[in-house]
Amino acid sequence: MSTVNILGFAGSLREKSYNRAALRAAQQLLPEDARLEIVDLSPIPPFNEEQEKTPPAAVSDFKRRIRAADAILIATPEYNYSIPGVLKNAIDWASRPYGDSAWSGKPVAILGASVGKLGTARAQYHLRQIFVFLDMHPLNQPEVMIGPAGDAFDAAGELKDEKTRELMRKQLKALVAWTQALTQGRALGLVP
Ligand SMILES: Cc1cc2nc3c(=O)[nH]c(=O)nc-3n(C[C@H](O)[C@H](O)[C@H](O)COP(=O)(O)O)c2cc1C
């Protein structure tokens with residue numbers, strides 16, 4: 001496998017979102033054999049099951065990009081100890097209609113930034129639970145939980161904390177290796 005193409009998105013629509021800023025930082029911290037395309041979730045409307053067979057163009061485009069990607073990187077905020085509705089909404093759209101999920105078999109890594117000390121830990125474990133039904137392949141380690149985010153980013157939204165940058169470098173490298181291992185396993189018929 002030559003270049004690993006990663007699709008990244010953040011569960012925040014806020015212009016100065018720490019999670020969006022973390023994804024931009026990830027683009028600078030990638031290993032050489034990887035690319036990270038960032039998709040904005042703001043054009044995706046609220047889910048309506050009546051429309052799942054003829055989804056809005058923004059949803060079809062999102063599903064196409066997921067399918068084209070080798071791996072997924074999600075930057076999640078923590079809202080009320082769970083993931084934001086914006087993120088769940090996008091996940092739900094791309095999982096439907098039943099039998100036509102774009103998520104199946106995709107390697108995925110999570111990072112998250114919050115103003116709390118636990119740095120989205122509770123939201124991340126809810127997200128991991130969702131991956132079970134979606135049949136995704138989450139990277140376990142390293143976990144990237146950035147909190148309090150105000151200490152890690154500067155006023156311009158640059159990730160300045162060197163320990164966090166190093167951890168993200170390690171996570172991205174591990175995601176690329178995990179994606180390559182799954183791809184090779186599939187080619188050998190060892191991974192469904
Ligand atoms: C509705 C709501 C609920 C929140 N709940 C939590 C929470 O449970 N834990 C936490 O650490 N921060 C919580 N926060 C604060 C977020 O960590 C903070 O708004 C963060 O900046 C959101 O991510 P963003 O910068 O990417 O938009 C909450 C914020 C909102 C708006």
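**Entry 1: the ligand shell**

I began with the ligand and sorted the residues around it by class: the shell has seven nonpolar, six polar and two charged residues. For this sorting I counted Ala, Val, Leu, Ile, Met, Phe, Trp, Tyr, Cys and Pro as nonpolar, Asp, Glu, Lys and Arg as charged, and the others, Gly among them, as polar. In total 15 residues surround the ligand, and the closest are Ser-17, Asn-19, Pro-77, Ser-114 and Gly-116; a residue enters this shell if its C-beta atom, placed from the backbone, lies within 6 Å of the ligand.

I noted early that this is a predicted model, in which local features need pLDDT of at least 70 and side-chain atom pairs count only at pLDDT 80 or more, while totals for chains, interfaces and linings use all residues. Residues are numbered from 1 along each chain as its sequence is written.

**Entry 2: helix H3 and its neighbours**

I then turned to helix H3, residues 85–94, and looked up which of its residues are buried: Val-86, Leu-87, Ala-90, Ile-91, Trp-93 and Ala-94. They lie on the same side of H3, because they cover an arc of only 165° around the axis, the arc being that of the directions from the helix axis to the C-beta atoms. I used the C-beta count here (buried with 20 or more other C-beta atoms within 10 Å of a residue's own, exposed with 12 or fewer, partly exposed in between, all C-beta atoms being placed from the backbone). Helices and strands are DSSP runs numbered from the N terminus, helices being H or I with at least four residues and strands E with at least two.

What do the buried residues of H3 pack against? I found helix H2 (57–68) and helix H4 (121–134).

For the pair of H2 and H3, I read that their axes come within 9 Å and cross at roughly 80°. H2 is therefore roughly perpendicular to H3, a label that covers angles of 65 to 115 degrees, whereas under 35 counts as roughly parallel, over 145 as roughly antiparallel and the rest as oblique. The axes are lines fitted to C-alpha atoms, for helices over the stretch in contact, and the angles run from 0 to 180 degrees between N-to-C directions. The contact is made by Val-59, Phe-62, Lys-63 and Ile-66 of H2 and by Ala-90, Trp-93 and Ala-94 of H3, where two residues are in contact if their C-beta atoms, placed from the backbone, lie within 7 Å. By class, I noted six nonpolar, no polar and one charged residues in this contact.

**Entry 3: cis bonds and positive phi**

Next I checked the backbone and found that the peptide bond from Arg-96 to Pro-97 is cis, with omega near -5°; Pro-97 lies in the loop between H3 and strand S4 (107–113). A cis peptide bond also joins Gln-141 and Pro-142, with omega about -5°. Gln-141 sits in the loop between strand S5 (137–138) and strand S6 (144–146), and I recorded it as exposed because 9 other C-beta atoms lie within 10 Å. The C-alpha atoms of Gln-141 and Lys-170 are 9.0 Å apart, although 29 residues separate the two in sequence.

I also looked at phi. Asn-80, in the loop between strand S3 (71–75) and H3, has a positive phi of about 50° although it is not a glycine, and Asn-80 counts as exposed because it has 8 C-beta neighbours inside 10 Å. Asp-135, in the loop between H4 and S5, is not a glycine either and has a positive phi of about 60°; Asp-135 is exposed, with 12 other C-beta atoms within 10 Å.

**Entry 4: three further residues**

From Asp-135 I went to Ser-101, whose C-alpha atom is 9.7 Å from that of Asp-135, with their positions 34 residues apart along the chain. Ser-101 is in the loop between H3 and S4 and is partly exposed, with 19 other C-beta atoms within 10 Å. Leaving out residues up to four places away in sequence, Ser-101 touches Ala-94, Ser-95 and Leu-134.

Is Leu-172, in helix H6 (residues 162–187), buried or exposed? I found Leu-172 buried, because it has 25 C-beta neighbours inside 10 Å. With the same sequence neighbours left out, Leu-172 touches Ala-26, Leu-29, Leu-30, Pro-31 and Ala-34.

Last, I looked up Ala-22 in helix H1 (residues 18–29), which is buried with 27 other C-beta atoms within 10 Å. Beyond four places in sequence, Ala-22 touches Ala-75, Leu-111, Ala-113, Ile-146 and Leu-159.
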